[in-house]
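Work through the exercises below with the sequence and the coordinates at hand. Each task is followed by a solution in steps.

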Amino acid sequence: MTQAVAPGRAVREVSSLAISGGTPVSKTPVPFMSTGLAQADIDQALAVLKSGMLRAAKKCEELEQRFGAMTGCRHMMTCANGTCALQLAYEPLFAPGDEVLVPAWSYIATVSMIVARGCVPVFVDANPETFQIDVADAAKKITPRTRGIAATHLYGCPVDIDAVQALAGKHGLKVVYDAAQSHLATWKGKGIGAFGDAVTYSFYATKNLGTGEGGSISCNDDALARKIKLLRSHGETDKYLHESVGYNYRMNDITGAIGCSKLDRLPAQTAQRQANAARYDQIIAKIPGLTAPKTTPGGEAVFHLYVVKMDPSKFSCTRDEFCKALGAEGVPTAVHYPRPLPKQPALAKWDKKDCPVSDMLSARVLALPMHHDLTDEHFRIVEAALTKVAEAYRA
Ligand SMILES: Cc1ncc(COP(=O)(O)O)c(C=O)c1O
């Protein structure tokens, strides 16, 4: 069954169908992401399998050296995933009971690992234009118990690193940057690995550098790097000699090989994401009520996601209805994130302060398909679908 929709009408009931007469802009959905392996990735993984050297060895070391050099850090340490990368960074820097400023607008791991450390997360609101942590709000939330800042370079966009470092310097705070979504992002011409006490990455399958599972931590301090390496592998300094208590959070060489192989293509793929974002900016500028993401001045974003903001006064539908209609036209979307972190049941007990921008963003943002494999035809479909749905829902 198909249903035509009059422009401007509230069209909740048809949102699972294409807007005009059931004829979608495209019957084949635009791929939301591109996570496939190239033959070279498979060959490198196969070479490790054939060698029988499955544990963390040469390929993990190669990934550490090459990715580390590309991010501008002194030490890069691979690990099992981005969540344990955060845990490995937080543990030597923060003590139980410390207050740590955290983003209200991020993926849960940035904050849940602060809670796992026994620290008190103090939520900081987001900048409504860049979606990054609002450093002025962070400054207001500092108390005598504040010991650190955990800031996410969200969606591939750097936070205002100068402002974060200035605030940290003034109050003697440690800084961990969660760069799970921001491989190869830069700040004022330098890799983001040059800043803060530690930077963490995720290599989850959908990330800009995706190995399936995987992660890494970087830092520029020799003593901290030693502590992180010990924590990563049961505090072992010699065979069955354990200097301290730790974990097994090591990567393995199959993952390392995939990472090394994909790293060959990461700079070109990052440039393609940036070009695609510029192309989206032009499309979004033509649609009243939608706003393109803004990059923090001084930063170079790598567009893990391309996140658009809706002005509800310009549309007769909710964000979710808008997304559903786009999906019916062949354009899948995603919401990062449907709830700000203080509103997550797991973290609700820490919600002491308002984060109104994060609340607002949770109702208004949507991510469009973004990856290095978008074609002219994909852009044509996205533009036609956005235009069609925006006109149908025009307030
Ligand atoms: C901002 C952020 N931090 C941390 C993580 C956790 O990484 P992983 O899934 O590799 O544990 C993710 C993963 O989605 C993330 O997006």
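**Exercise 1. A helix and its packing**

Which residues of α10 are buried? Then name the elements that these residues pack against.

Solution. The model is a predicted one. Step 1: the cut-off for a buried residue is 20 or more other C-beta atoms within 10 Å of its own. Step 2: in α10 the buried residues are S358, L361, S362 and R364. Step 3: an α-helix has 3.6 residues a turn, so residues three or four places apart point the same way. Step 4: the partners of the buried residues of α10 are β14, α9 (319-328) and β15.

**Exercise 2. The sheet of β12, β14 and β15**

Give the strand order and state which strands stand at the edges.

Solution. Step 1: the order is β12-β14-β15, an open sheet of three strands with antiparallel pairing. Step 2: β12 (290-291) and β15 (365-368) each have a single partner strand, so they stand at the edges and one side of each lacks a neighbour in the sheet. Step 3: β14, residues 306-310, is joined to β15 by four bridges, and the two run antiparallel. Step 4: to check the register, find V308, which stands opposite L366 in β15.

**Exercise 3. A covered strand**

How many residues of strand β8 are buried, and how do they divide between its two faces?

Solution. Step 1: β8 spans residues 198-202, and five of its five residues are buried. Step 2: in a regular strand the side chains alternate between the two faces of the sheet. Step 3: for β8, one side carries A198, T200 and S202, while V199 and Y201 lie on the other, and all of these are buried. Step 4: look at the pairing. Strand β5 (residues 174-178) is parallel to β8, with three bridges, whereas strand β9 (residues 215-219) is antiparallel to β8, with five bridges. Step 5: V199 serves as a reference point for the register. V199 is the bridge partner of Y177, and V199 stands opposite S218 in β9.

**Exercise 4. The surroundings of the ligand**

How many residues surround the ligand, and which are the closest?

Solution. Step 1: the shell has 14 residues, and the closest are G82, T83, Y107, A180 and S202. Step 2: α3 (82-93) and α4 (109-116) are the elements that give two or more residues to this shell. Step 3: sorted by character, the shell holds four nonpolar, nine polar and one charged residue. Step 4: S202, one of the closest residues to the ligand, is also among the buried residues of β8.

**Exercise 5. Overall form and domains**

Describe the whole protein, then the contact between its domains.

Solution. Step 1: the protein has eleven helices and 15 strands. Step 2: its radius of gyration is 22 Å, close to the 21 Å that the globule rule gives for 395 residues, so the protein is as compact as a globular protein of that length. Step 3: its C-alpha atoms fill a box of roughly 75 × 55 × 35 Å along the principal axes, and 51% of its 395 residues count as buried. Step 4: domain 1 comprises 12-34 + 263-392, and domain 2 comprises 39-261. The C-alpha centres of the two domains are 26 Å apart. Step 5: domain 1 contributes 33 residues to the contact and domain 2 contributes 43 residues. Step 6: on the side of domain 1 that touches domain 2, α8 (253-285), β13 (299-300) and α10 (356-364) each supply at least two residues. The most come from α8, with five residues. Step 7: this side of domain 1 is made of 20 nonpolar, eight polar and five charged residues.

**Exercise 6. Backbone exceptions**

Where do Y155 and H234 lie, and is each buried or partly exposed?

Solution. Step 1: Y155 is in the loop between β4 (146-152) and α6 (161-171), and its phi is near 65°, a positive value in a residue other than glycine. Step 2: Y155 has 24 other C-beta atoms within 10 Å, so it is buried. Step 3: H234 is in the loop between α7 (222-232) and β10 (236-238), with a positive phi of about 55° although it is not a glycine. Step 4: H234 has 16 other C-beta atoms within 10 Å, so it is partly exposed. Step 5: for a cis peptide bond, go to H336 and Y337, where omega is near 25°. Y337 sits in the loop between α9 and α10.

Conventions
Residues are numbered from 1 along each chain as its sequence is written. This is a predicted model: local features need pLDDT of at least 70, side-chain atom pairs count only at pLDDT 80 or more; totals for chains, interfaces and linings use all residues. Two strands pair if DSSP finds at least two bridges between them. A residue is near a molecule or strand if its C-beta atom, placed from the backbone, lies within 6 Å of it. Ala, Val, Leu, Ile, Met, Phe, Trp, Tyr, Cys and Pro count as nonpolar, Asp, Glu, Lys and Arg as charged, and the others, Gly among them, as polar. The radius of gyration is taken over C-alpha atoms; the globule rule is 2.2 Å times the number of residues to the power 0.38. A residue is buried if 20 or more other C-beta atoms lie within 10 Å of its own, exposed if 12 or fewer, and partly exposed in between; C-beta atoms are placed from the backbone. Domain bounds come from an automatic or database domain assignment. Two residues are in contact if their C-beta atoms, placed from the backbone, lie within 7 Å.
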